[in-house]
Amino acid sequence: MQQPNANDPKRASKIVRYKAQPAGGPGDDPTPDYMNLLGMIFSMCGLMMKLKWCAWVAVYCSFISFANSRTTDDTKQMLSSFMLSISAVVMSYLQNPQPMQPPW
């Protein structure tokens with residue numbers, strides 16, 4: 001180990017070693033991942049069962065996932081989820097262009 005230099009402006013008592021944050025810290029929000037998964041599930045339900053409300057919920061979940069995402073997230077997965085939800089809405093209205101009927 002080197003001896004401290006007299007011309008060195010660093011104070012040895014102020015040096016603090018870096019400690020990594022734990023995995024469950026405040027920057028680890030699972031909301032975008034859950035909304036992305038829900039969006040894909042609702043998209044598939046909208047496409048397979050021709051349920052318009054499922055397709056619209058998928059679009060809503062995709063928007064929430066995009067709004068809460070971090071810049072380090074995978075943009076390809078988010079874009080594919082968004083495009084899947086849009087295609088579910090388009091396909092459900094192409095097959096039946098009538099407006100959605102309320103379930104009650």
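This passage describes selected residues of a predicted model, from a buried lysine to a nonpolar surface patch.

The segment joining the first two helices comes first. Helix 1 covers residues 31–49, and K50 is found in the loop between helix 1 and helix 2. K50 is not a glycine, yet its phi is positive, at about 55°. Helix 2 spans residues 52–67, and K52 is part of it.

K52 is buried but forms no salt bridge. The nearest side chain of opposite charge belongs to D33, 31 Å away. A salt bridge requires a separation within 4 Å, so D33 cannot serve as a partner for K52 at that distance. The surroundings of K52 come from further along the chain. With neighbours within four places in sequence set aside, K52 is in contact with S92, Y93, N96, P97, Q98, P99 and M100.

The cysteines were examined next. The whole structure contains 0 disulfides. For C54, the closest cysteine sulfur is that of C45. The two sulfur atoms are 4.9 Å apart, which is too far for a bond. The cut-off for a disulfide is 2.5 Å, so the pair does not qualify. C54 is buried, with a relative accessible area of 2%. C61 is also buried, at 5% relative accessible area.

A second loop runs between helix 2 and helix 3, and D73 lies in it. D73 has a relative accessibility of 17%. The limit for burial is under 20%, so D73 counts as buried. D73 and D33 are 40 residues apart along the chain, but their C-alpha atoms are separated by 9.4 Å. Beyond its neighbours within four places in sequence, D73 is in contact with P32 and M78. D33 thus appears twice in this account: as the nearest opposite charge to K52, and in the C-alpha pair with D73.

Helix 3 comprises residues 75–95 and includes V90. V90 has a relative accessibility of 42% and counts as partly exposed. The class of partly exposed residues lies between the 20% and 50% limits, which is why V90 is assigned to it. V90 also contributes to a nonpolar surface patch. The other residues making this patch are I86, M91 and L94. The patch has an area of about 340 Å².

How values were computed. Residues numbered from 1 in each chain as written. Predicted model: local features only at pLDDT ≥ 70, side-chain atom pairs only at ≥ 80, totals over all residues. Heavy atoms only, no water. Helix = DSSP H or I, 4+ residues; strand = E, 2+ residues; numbered from the N terminus. Buried < 20%, exposed > 50% of the residue type's maximum accessible area, 1.4 Å probe, protein only. Lys, Arg positive; Asp, Glu negative; His and termini not counted. Contact = heavy atoms within 4.5 Å. Patch = residues over 30% accessible without salt bridge, like charges linked within 9 Å, V, L, I, M, F, W, Y side chains within 5 Å. Areas by Shrake-Rupley, 256 points an atom, 1.4 Å probe, with all protein chains shown as cover.
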